[in-house]
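Please open the model in your viewer and keep the sequence at hand, since each stop below begins with a selection and then says what is to be found there.

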Amino acid sequence: MKRRSLLVGAVFAAVMSAVPALAQTTLRFTWYSDGVEGEVMQDLLKRFEAKNPDVKVVLDTVPFKAINENLPVQLAAGQGPDLARVVDLGGVSPFMLDLRPHLKDAAYWTDNFGPFLAWMRQPGDAASIPGYMTQLTVTGPLVNKTLFEQAGVALPGPKATWEDWAKAAKAVADKVKAPYPLAIDRSGHRFYALALSYGAKMVGADGKAAPVDEGFRRAATLVADWHKSGVMSKELWGSVSGTAYRGANEEFKNAQVPVYYSGSWQIAQFDKTIGDAFDWIAAPNPCGTAHCTGMPGGAAVVAIKTTRHPKEVARLMEYLTSEDVLSEFYARSLFVPGHLGIAKKGVAYKDAKPAAAAALKVFGDQVAAVSPSAYEAQGYVFNRIIFNATISRLGQAIAGEGTLDEAFARIAADVTQQIAERQKK
Amino acid sequence: MTDRSALSREPAGASLPARLVERLWDGLIALVDAPLAALQRLVGAERMAYFFLAPNLIFFGLFVFVPIGICIVYSVTGGAGIFPFARPYVGAQHYATLADCGSYLDPHSCQADHFWRGVRNTLIFSAFQLVAMVGVSLFTALALNRDIRARGFFRAAFFFPVLLSPVVVALIWKWILQRDGLLNAAITASGGQKILFFVEPGWAMFWAVFVSVWAHMGFYTLILLAGLQAIPRDIYEAAEMDGTKPLRVLTRLTLPLLWPNLLVVLVLVLIRAVQTFDEVFVLTGGGPGTATLMVVQFIYETAFANQTQNFGLASAASILLGGLLFVLTLLQLALARRKAA
């Protein structure tokens, strides 16, 4: 009896002494998904936790809208997560943690994420490392090849202009009775691909916002004219108000859109949902008078500076950015890599169907064709203010509420007012 | 304070569980009775009312008055900071921005044109919704008050949409009204052309009002039905004996006697119409253009949807809207008192 008591006591003592070793740090990770990347990330995190039993990572998946609208409020209130996947890199930059003091090899980060780190930094900061790109995106046209074939209309070539694409899309739609000849996401980011192609700059020589210039006017006039002539349906740009995003994913999947201007992030979704219903391809970006450029962009996982566990966050980030793990993430999520080393080696998209693999190749090639002004626009810290003002006011003009000139004046006023408000101290 | 013997309702020969419950009840009363009796001796019987009101007042204050106070502070401060101490004082600047108009009848002449478009749309929506809601609810209540077949079923059917979430209601109707929706399918099947309901401003406002009436009329019908059932039958019997025509019965008997209930419905409908957001936002997104943009959507978008989350301007607009709702609430209270008198 006495021996048994001793044994029980010893086991109890052993268990109690082991408790501190098993104590876990919990990291909250705010995430959103466009396609399958959430499942892939969950899988990778499980493996991280198996290797690092002292860290538990909770992936809080939220709608995309919450990333832009709710997360900034949380961050400003100091109630943010430990790390988050964000797209408004400039807007969230004041709340990002510089990981350099906690990284084993900061040079690996600057070598592989260098050009994109600038998007995550505040003006005047040229050195911090707040996170990494989960994907590099580039905008571009997605084309329903089957509808073109059925209509007997030739696909515009690699150097075709926006006007060429609009003409071809209208011809196809008229023949096959498709309701949306050319659909462009109701998004300022997508509109800027067109505007930059016609020479828009977004930022003036003085480094200040200059949203309405000649290139911008030309692009806005084209979009307005396309709505009048039936090349674009008012259902996307004219049917909602304010800053609301509207895409044409469902319409494209239902073969109602011959040409859909969106971006590389749609590939995984289309690969999964379109299947063999029709042939679709990604095409090179249409040309304007200045460039044939898409808008770069993407999402980044960034560390949040209010975290109480910066070392564990850095450890997780190092794991997620290691070449093999990140390659697997890009490959399984069907994302264009935002890691220079991986991009150079190429990603083997083993699970992709031929159409998706070909589209990824096209978008990958488009990254090299992105104009410097597009990178500058994407890196501009107040770009979302300009994007939002653009779709809000241009949407009104398209719906018949005022002229384009009135819309231009309102865009300039909105941008000035919002930047001034943000800079009030 | 309490006569415990009076509260003990244990009947002779009651079952064991019943007796246990009664004992437990007596124990609880005894537990509460002593401290409350002591408190009453201390503060006096009149002031005990405050003690009983305190929990509700604290809860209400914390979640209503404190946010109103914070909103006022935000409305006189600027910047993008979230904590009041991190926001510079700007005085009435946001109110001045909202009030800066060439003509209040022309939103386009205003600096905050979206706010005034929201005001105009909210007024139009409220006017149409008020007439439609009261009219349809009254008609339905009158019909359901008659001795019709399956009256219970119809009463439940008309009330059912009230139980649905406004977002669900809007999504259902969006599905019906979209380009390839149920209604367009019916129109094309009968040889007509598809109508893009969310592209035409007139149609968008019509459906915003229609869906709102569809979703909430059950509630107001219920209020009016209660009023109709409270009207004594013998008045109608007397009118029938006098050979009064049905229309005259309606205008000279039913409506005057129902007037107190109708007034309550009018004010409630008006307050709700001014606050409208969720249904219309999900159904039309405020479009086309800004044709169905309501004041509350302006407040939401100003505060949250932009990169610069302009809590100051949004709060100033909220205070103005709150003022309007306060006036409407006072009106409702005055009418309710008149009804009681």
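A salt bridge is taken here as a side-chain nitrogen of Lys or Arg within 4 Å of a carboxyl oxygen of Asp or Glu. The structure on screen is a predicted model.

**Stop one: the salt bridge between the chains**

Select R410(A) and D113(B), whose side chains form a salt bridge with the closest N and O atoms 3.6 Å apart. The pair crosses between chains, running from helix α20 of chain A to helix α5 (residues 113-144) of chain B. R410(A) counts as buried because its relative accessibility is 16%, under the limit of 20%, and D113(B) is likewise buried, with a relative accessible area of 2%.

Now add R117(B), which meets D113(B) in a salt bridge of 4.0 Å, N to O. These two residues are four apart in helix α5 of chain B, so about one helical turn separates them, and both R117(B) and D113(B) are buried. Extend the selection to R393(A), E401(A) and D414(A), and you have the network in which salt bridges that share partners join these residues with R410(A), D113(B) and R117(B).

**Stop two: the whole interface**

Next, select the residues of each chain that touch the other: 43 come from chain A and 43 from chain B. About 3200 Å² is buried between the two chains, with carbon and sulfur atoms giving 44% of that area. On the side of chain A, the residues that lose the most area to chain B are S241(A), R410(A) and E421(A), which together make up 18% of what that side buries.

How many salt bridges does the rule find across the interface of chain A and chain B? There are four, while 18 residue pairs are in polar contact across the interface of chain A and chain B, both residues being at pLDDT 80 or more. Colouring chain A by element is useful here, as α19(A) supplies nine residues, the largest share of the side that touches chain B.

Stay for a moment with E421(A), whose side chain meets that of K424(A) in a salt bridge of 2.9 Å, N to O. E421(A) is buried at 3% relative accessibility, whereas K424(A) is partly exposed at 22%.

**Stop three: E69(A) and the helix across from it**

Select E69(A), which lies in helix α3 (residues 64-69) of chain A and counts as buried at 8% relative accessibility. Beyond residues up to four places away in sequence, E69(A) touches Y300(B), F304(B), A305(B) and Q309(B). Then select helix α13 (residues 295-305) of chain B, where 10 of the 11 residues are buried, among them Y300(B) and A305(B).

**Stop four: within chain A**

Move to helix α18 (residues 372-379) of chain A and show its buried residues, S373(A), A374(A), A377(A) and Q378(A). Viewed down the axis of α18(A), they fall within an arc of 140°, and therefore line one face of the helix. Their cover includes α9 (188-197), β6 (202-203), β10 (296-303) and α19 (383-399) of chain A.

Finally, select L320(A) in helix α14 (residues 310-321) of chain A, a residue that is buried at 2% relative accessibility. Leaving out neighbours within four places in sequence, L320(A) is in contact with F29(A), M41(A), L45(A), Y132(A), V325(A) and L326(A).

How values were computed:
Residues are numbered from 1 along each chain as its sequence is written. Chains are lettered from A and ligands numbered from 1 in the order in which they are written. This is a predicted model: local features need pLDDT of at least 70, side-chain atom pairs count only at pLDDT 80 or more; totals for chains, interfaces and linings use all residues. Side-chain values use heavy atoms; hydrogens and water are left out. Buried means under 20% relative accessible area, exposed over 50%, partly exposed in between (1.4 Å probe, protein chains only). The arc is that of the directions from the helix axis to the C-beta atoms. Contact means heavy atoms within 4.5 Å. Buried area is the accessible area (1.4 Å probe) that two parts lose on being put together, summed over both. A polar contact is a pair of N or O atoms within 3.5 Å; within protein, one must be able to donate a hydrogen and the other to accept it, and residues adjacent in sequence count only if both atoms are side-chain atoms.
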